[in-house]
Amino acid sequence: MATEEDECMGSVKAQLAKLFEVSLKVTVPNEPDVEPLVAACTGKFGDYQCNNAMGLWSKMKGKGTQFRGPPAVGEAIKNNLPTSEMIESCSVAGPGFVNVVLSKNWMAKSIQKMLIEGIDTWAPMLPVKTAVVDFSSPNIAKEMHVGHLRSTIIGDTLARMLEFSKVEVLRRNHVGDWGTQFGMLIEFLFEKFPNFEDATETAIGDLQAFYKASKQRFDADAVFKERAQQAVVRLQGGEDKYRRAWAQICEISRTEFHKVYQRLGVHLEEKGESFYNPYIPGVIEALTKQGLVEESQGARVIFIEGINIPLIVVKSDGGFNYASTDMTALWYRLNEEKAEWIIYVTDVGQQQHFDMVFKAAKLAGWLPPGDSSYPKASHVGFGLVLGEDGKRFRTRNTEVVRLVDLLDEAKTRSKATLIERGKGEEWTEEEIESTAEAVGYGAVKYADLKNNRLTNYTFNFDQMLNDKGNTAVYLLYAHARICSIIRRSGKEVEELKTKGTLVLGHKDERDLGLHLLQFAEVVEEACTNLLPNVLCDYLYNLSEIFSKFYSNPDCKVIGSDMETSRLLLCEATAMIMRKCFNLLGITPIYKI
């Protein structure tokens, strides 16, 4: 059975926090439940720092304490620390900051243990067992656009990080597969294909064009409009012919979506708006019985304090809307799927909508009042994708760009670069194809993920596919170079893991070792704050720190008397880079 030590084995910060917790209980026995404030240092005094002294002093002063100020509190915290093989030395600086220098031997042993037992032993422990990540969520019969690309890439990475942290993740594709637009689509389908079940993707052709043509017909022809409105009623009433036509349209759309998901290597389980439809009346009835739903201008609404518009849960015509579905989906996820954390990945424009839905759920008692305890719901907003002109990204004729074309273009450009570099003669066609895919799709993903998701970003192929700077291409090449160093040594690295010994004798070796050891806490921070760019920053810094180590003549790898140890350090770096790529949904490459 896993011990407590094993549970936080990966995170140095968590292990130090446990030691400081013991010290704080001894230092301030009258201040219960003091959370140790441990952070990695950037200064020259240590590797980590405990910052509790100031806060404790402000609580204790005037209470007849034996301490004479924050530095004295810091000294006591330092002196009461239990002995541990982790710590080489401690010192107190400024207003009681306790600086910790980690033991080089312990660091080296921890990295070697990970090399033998695998990267999963460094997975962070999160306080949730089950989470829903609701992402991608395109609309049936419409093209997926770059907004859906952002949602798909960001959502997939959040799901991957949570899964690595041993959380069961329900990846949900909340597709727009219900609503009034289906009336006109079904009627148009009947008109164009009297034998509608023969209407395949090939026959219909471009679904987006089909949607547009049906919309034009709807707007221009009053008789058609009347039939379309009747079709909605018949579909929602469950009439077989209409249900079958609806299913046909959904299936054609799914085939299109799948082309994008296949290229991106993203897996989702579809539970669209239609899935929650049967549950809506019951949920609204329960909310009404709680006294939360009121009549307003013919509609039924929930008023939320501090927000000047109400949340409409039943429209004045008696129909349901986004809010009805989203409230019901949240209820279902909490009550039926027993999720403790429900994460919605959509553009920032939907922030207020979700804020209202979450506040209504708190009023109903589905969620606790604050945001610090579970179960909880979070909205992960993201900014726009811009073109070179600084406007919303589109093709020349103002149409939204097809994602499949965009991804294929990235792969094509990546392949052209490989051919230019003479790989056509050296590599098999299969190697060129798989590398072009890994680099092309990886470049698109990383360009999105490296930015703080709330900001807009400019889509630029030349920048994405540049092999210098903070790009996927640079990082994938850096990983391939490390693999090539290990291959050139002619040594069997699996054997070295158990027979060799890792030593962090040089400053550059120690710096690299410390950064590797911080992997778990970085993943934890990226998960907790739902910010994938934190992991991208870590990965880029890792490649820079590795370059500094490898280019230092004093840290020569092949042919030096420290070759075995340094090869192990190269392998540990490559392992962590691969795990970062895996969490970002990027396929690593092993040769360039």
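Trainee: In what sense do strand S5 and S11 pair, and over how many bridges?

Mentor: This is a predicted model. In it, strand S5 (residues 130-134) pairs with S11 in the parallel sense, over 4 bridges. To see one position in that pairing, find Val-133, which stands opposite Ile-343 in S11.

Trainee: Which strand do 7 bridges join to S11?

Mentor: That is strand S12 (residues 376-382), and S11 and S12 run parallel. Here Trp-341 stands opposite Lys-376 in S12. A helix also belongs to the picture: S11, helix H15 (residues 351-363) and S12 make a right-handed β-α-β unit.

Trainee: How should I think about side chains along a strand?

Mentor: In a regular strand the side chains alternate between the two faces of the sheet. As for cover, strand S11 (residues 341-347) is mostly covered, with 6 of its 7 residues buried.

Trainee: Now charges. Why can side chains of opposite charge pair?

Mentor: They can pair when their charged atoms come close. This structure holds 48 salt bridges. One of them joins the side chains of Asp-156 and Arg-160, at 2.8 Å from N to O. Both residues lie in helix H6 (residues 146-164), 4 residues apart, about one turn of the helix.

Trainee: Is that pair buried or exposed?

Mentor: Buried means under 20% relative accessible area. Asp-156 has 2% relative accessibility, so Asp-156 counts as buried. Arg-160 has a relative accessible area of 19%, so Arg-160 is buried too.

Trainee: Where do Lys-497 and Glu-494 lie, and how many residues apart are they?

Mentor: They are in helix H21 (residues 493-499), 3 residues apart, so about one helical turn separates them. Their side chains meet in a salt bridge of 3.0 Å, N to O. Lys-497 is buried, with a relative accessible area of 6%, whereas Glu-494 is partly exposed at 47%. Elsewhere, salt bridges that share partners join Glu-143, Glu-256, Lys-259, Arg-402 and Asp-405 into one network.

Trainee: What parts of the chain does the pair Lys-415 and Glu-429 link?

Mentor: Start with the contact: their side chains meet in a salt bridge of 3.3 Å, N to O. The pair links distant parts of the chain, with Lys-415 in helix H16 (residues 403-420) and Glu-429 in helix H18 (residues 429-449), 14 residues apart. Lys-415 counts as partly exposed at 25% relative accessibility. Glu-429 is partly exposed as well, with a relative accessible area of 49%.

How values were computed: Residues numbered from 1 in each chain as written. Predicted model: local features only at pLDDT ≥ 70, side-chain atom pairs only at ≥ 80, totals over all residues. Heavy atoms only, no water. Salt bridge = Lys/Arg side-chain N within 4 Å of Asp/Glu carboxyl O. Helix = DSSP H or I, 4+ residues; strand = E, 2+ residues; numbered from the N terminus. Buried < 20%, exposed > 50% of the residue type's maximum accessible area, 1.4 Å probe, protein only. Pairing = 2+ DSSP bridges. Right-handed = clockwise from strand over helix to strand, strands pointing away.
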